[in-house]
Each structure stands twice: as structure tokens, then as C-alpha cells.
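The following exercises concern a predicted model. Each task is followed by a solution worked step by step.

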Amino acid sequence: MEWNLLFGHFAIVCGFLLAAILVMSILRKQRTSSAAFAWLMVIFFAPYIGVPLYLALGGRKLKRDARTKENIHLVGQETLPLEKADPIDALLREYDIPGATCGNKVRLCQDGVETYNELVNLIDTAEHQILITTFILSRDEIGKAIVDKLAKKAASGVTVRLLLDDIGSLFTSRKFLAPILQNGGKVAYFMPVLRAPFHGRTNLRNHRKIAIADQKLVLAGGTNIAKEYIGPTPFKDRWTDLSFVLKGPAVRHYLEVFQSDWEFAAHETVNIIPPCLKGSAISGEGVVQVVPSGPDVPKDPVHDALLTAAYTAEKRLWIVTPYYVPDEALAQALRLAAQRGVDLRVLVPAKSNHKLADLARGTHLRELAECGGKVIKYPHMVHAKVIVVDDRLAVVGSANMDMRSLFLNYEIVMFSYSKAEIKPVHDWVEGLMNEGRQGVQQVGPIRDTAEGIARLIAPLL
């Protein structure tokens with residue numbers, strides 16, 4: 001009996017010590033006060049749930065959580081002179097992001113059929129090397145078709161490297177990918193969940209989508225490899241998404257991001273064939289800036305660039321996102337932009353694939369509408385992540401307008417500063433907005449309470 005009492009006392013003391021350590025960690029490391037408050041409430045009121053949950057999900061930019069992944073270093077080349085740079089470009093240079101590069105060519109892939117065809121073309125025409133990273137590679141017919149094509153290229157002697165996120169592609173087993181492996185290609189999973197479940201790594205997911213052929217051509221954006229995203233023929237339930245094909249000096253930066261991610265996940269340095277040289281044979285007019293974000297990038301460049309965009313926009317600020325759950329600083333900046341007369345529009349799906357995200361966005365959208373912003377509900381699922389600022393900037397990439405993408409995930413986006421690249425994005429977004437329905441509905445007290453709870457716990461997700 002005495003031993004039981006002693007053990008119980010020891011367990012209580014250890015519990016208090018662990019809670020104190022976690023509280024100090026939360027207060028020191030959380031990016032926002034709302035995130036810190038949410039974690040503290042869970043730990044204090046439901047410690048048996050909150051403590052293991054924080055150990056598994058609470059990590060952010062902690063070196064302990066991704067201790068072997070070095071920060072990404074992008075090499076600046078053919079950079080726009082600082083005196084000609086947009087204020088957002090100038091800001092990002094202070095974050096060790098190279099300035100916008102000149103001489104690029106960008107072409108939008110405006111639907112899933114076009115994106116699928118570009119991916120197939122990228123694979124089929126590659127002569128030396130194919131590098132692909134994606135959050136989701138499904139086991140459906142689209143995933144199988146891409147796996148078979150990659151296996152065929154690997155069998156022909158082309159270097160094939162496929163990087164999947166371990167959560168996003170949780171059910172995509174090595175057995176399904178065996179054709180690639182059996183023909184000499186290599187596959188790696190980013191941050192396997194079962195390897196270190198209590199190092200905070202479970203919450204740090206690689207959400208980047210990049211495909212590179214012979215380090216000359218990039219296909220990137222927000223599109224995963226699955227039937228609901230892409231396919232050779234139209235599909236009535238396919239999500240609306242946006243990707244792009246890039247040629248030119250900026251390809252180098254996508255390659256460097258892939259190199260960093262692959263070396264971390266596979267412990268192998270990608271062999272560059274042909275050698276990566278400064279300069280490019282492409283002679284385009286596109287001025288673009290490649291901006292990665294996540295635990296392997298100092299600070300929060302994408303979030304802070306969007307915050308700056310909200311404060312510097314003069315005429316137009318259009319946002320397309322599947323999930324609208326910004327932190328309070330960004331939400332306030334957007335509300336102020338609407339109040340000072342900027343044409344601020346946020347397009348979201350009428351109903352997304354995440355019920356909790358739809359609940360969490362409710363109060364944000366109503367507050368934005370009350371300040372003069374326009375909320376547009378698209379009738380189908382929109383997965384695109386796009387921003388247009390005046391006539392001077394278009395942003396397309398993998399980052400959603402939510403706290404997970406802005407503060408937790410490994411993401412990558414492209415900032416376009418040239419009018420020839422901005423106009424197609426503007427026109428694509430405008431087409432979506434013409435198909436949507438403007439306005440937000442008022443809700444009753446039960447729904448309002450549920451949305452308030454969802455907004456409170458959103459920083460934990």
C-alpha cells in the first residue's frame with residue numbers, strides 16, 4: 001500500500017513537472033497568442049489528452065523536431081535590381097529569400113485535364129532526371145498511371161526520385177510503388193509518423209507540390225496526384241485547382257528546395273544531370289520569386305508577405321483559398337484593407353472537404369463582410385491557392401490561407417511581378433468569381449457558438 005502511495009505521489013510530481021516544462025515551451029515557441037492560449041486550455045483542463053497531443057503535434061520551428069533538416073539556401077541569380085523591386089520582393093530579401101529573377105516563362109494549367117497532360121508530358125519527355133514531391137499520391141487509376149509512367153522512365157535509365165508526405169500519402173504503400181523501385185527509381189516518405197510520434201513532427205507536414213524534368217522544366221502549384229485533382233478526361237466531381245509550368249532561371253530554386261527535402265527524407269544527395277549552371281537558355285519576360293516556407297525557413301516569409309500585401313494594396317486584393325482561417329494579425333490587416341476601400345474579395349468553396357475548417361471560417365468571413373469585403377461562395381470544391389494584388393502581384397502555390405499552411409507546413413509558392421504573368425491569373429480568378437454567389441448568411445446562436453469553438457481550437461490543427 002505504501003509503495004502504491006509513493007508511486008502515486010511520484011507520478012503527480014512528474015506530471016506537474018512535465019506540465020510546467022510544456023507550459024514554458026508553449027509560451028516561448030508559439031507564434032500567436034491564440035495558439036498559446038488554445039494549447040494551455042487543453043493542457044490545463046484535459047491534461048491526459050492535452051499533454052500527449054502537444055508532444056505529438058505541438059512542435060513548430062523547433063530544431064529538435066526536424067533536427068537533421070538544414071535551412072534551405074537558395075542561390076540568387078539574374079536578380080531584379082533592388083531599386084526596381086516591388087516592396088514585397090524587397091521585404092522577402094530580408095528573409096534570405098533571393099530577389100525576383102528575370103527571364104522566365106510561365107504558363108498556367110487551368111484545370112485538372114491540362115495539369116494531368118502537362119505532368120504526363122514532363123515525364124514522357126524527360127531525358128535525364130525526374131524529381132517529384134507531392135502531398136498526396138492516391139492509389140486510384142490516376143496514381144497508378146503516373147507510377148507506371150515513372151517506372152517506365154526509370155527502366156530506360158532516367159533518374160527517378162519520388163518524395164511523398166507520410167500523412168498525405170499514408171495509404172500509398174511501397175507495394176503500390178513497387179514498379180518504380182523494381183526498375184531503379186527511388187521513393188522516400190517525408191517525416192514518417194511512427195518513427196518519432198512524440199517529437200512534435202507529426203504536425204510538420206510537407207505540403208509542397210513540385211515536379212522537375214532535367215532541371216529545365218517545373219510543374220508546380222496546388223495540385224496533388226489523384227482523380228479528384230487531375231485526369232486525362234473531365235470528371236464532374238473534380239476539384240477546381242490551379243498549377244503552372246515554369247521555365248527559366250527560377251527553376252533552379254525549385255530544384256534546390258527539392259534537393260533539401262530529398263536529402264532530409266532519403267539521406268541521399270540528388271545527382272544533378274546536367275550540371276546546374278548559372279543562367280538559362282530561356283529568354284522570357286517573366287519576373288518571378290520562389291518563396292518556400294516552413295520549419296526549414298527562418299521566420300514566416302509567406303505570412304509576412306501576405307500581411308504586407310494587405311497593407312500596401314491600393315485597388316485590388318483577391319484571394320482564392322479552400323480554407324480561410326487566418327491568424328488575427330492577417331485577418332485584421334484584410335479587414336482594414338476593405339475598410340479603406342480596397343476591392344477585397346475572398347472566394348471559398350460553398351462547402352469544403354473539411355467541416356471543421358468551414359466552421360472556423362464563419363466568423364472570419366462575416367467580420368470581413370461587415371467591413372466591406374466581398375465573400376464569394378463557389379458552388380464546387382476549390383483547392384486552388386491564389387492571390388492577386390492590384391496589377392503588380394500574383395501568387396500561386398501550395399499554401400492555403402490558414403494557420404497550418406502559414407506557420408506549420410512545408411510550403412512553396414511563386415510570386416509573379418510581371419504583367420504578362422499576372423493577367424492570366426487575374427482572368428482565371430475573375431472567371432471563378434463570376435460563377436460564385438456573393439454574400440454570407442447570418443447564423444443562429446447554436447451555429448455561432450460552434451463556429452466560435454472551432455475558431456478557438458483552429459490554432460491547434
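**Exercise 1. Strand β5 and its partners**

Task: Determine which residue of β6 is the bridge partner of Ala 213, and place strand β5 among the strands that pair with it.

Solution.
1. The bridge partner of Ala 213 in β6 is Leu 217.
2. Strand β5 (residues 210–213) and strand β6 (residues 217–221) pair in the antiparallel sense, over four bridges.
3. The two strands form a hairpin with three residues between them. In the turn, Asp 214 has a positive phi of about 55°.
4. Strand β2 (residues 129–134) also runs antiparallel to β5, and four bridges join the two. Here Thr 133 stands opposite Ile 210.
5. The side chains of β5 divide by direction: Ile 210 and Ile 212 point one way, Ala 211 and Ala 213 the other way. All four are buried.

**Exercise 2. The nonpolar cores**

Task: Identify which residues touch the most other members of the largest nonpolar core, and which helix gives the most to this core.

Solution.
1. The largest nonpolar core has 49 residues, and those touching the most other members are Ile 212, Tyr 254, Val 386 and Val 429.
2. Helix α8 (residues 251–266) gives the most to this core, with eight residues.
3. Leaving aside residues up to four places away in sequence, Tyr 254 touches Ile 210 and Ile 212 of β5, and its other contacts include Val 218, Phe 244, Val 290 and Met 414.
4. Another core, of 48 residues, lies apart from the largest one; among its members are Ala 100, Ala 338, Cys 371 and Met 403.
5. Cys 371 is buried because its relative accessible area, 18%, is under the 20% cut-off.
6. Cys 102, by contrast, counts as partly exposed, at 26% relative accessibility.

**Exercise 3. Helix α13**

Task: Compare the expected span of helix α13 with the distance between its end C-alpha atoms, and establish where its buried residues lie around the axis.

Solution.
1. Helix α13 (residues 419–435) has 17 residues; at 1.5 Å a residue, the expected span is 1.5 Å times one less than that number, which gives 24 Å.
2. The end C-alpha atoms of α13 are 24 Å apart, in agreement with the expected span.
3. The buried residues of α13 are Glu 421, Ile 422, Val 425, His 426, Trp 428, Val 429, Leu 432 and Met 433.
4. These residues cover an arc of only 165° around the axis and therefore lie on the same side of α13.
5. An α-helix has 3.6 residues a turn, so residues three or four places apart point the same way.
6. The face turned away from the buried side of α13 carries the exposed residues Lys 419, Lys 423 and Asn 434.

Conventions. Residues are numbered from 1 along each chain as its sequence is written. This is a predicted model: local features need pLDDT of at least 70, side-chain atom pairs count only at pLDDT 80 or more; totals for chains, interfaces and linings use all residues. Side-chain values use heavy atoms; hydrogens and water are left out. Buried means under 20% relative accessible area, exposed over 50%, partly exposed in between (1.4 Å probe, protein chains only). The arc is that of the directions from the helix axis to the C-beta atoms. A nonpolar core is a set of buried Ala, Val, Leu, Ile, Met, Phe, Trp, Tyr and Cys residues joined through side-chain atoms within 4.5 Å. Contact means heavy atoms within 4.5 Å. Two strands pair if DSSP finds at least two bridges between them.
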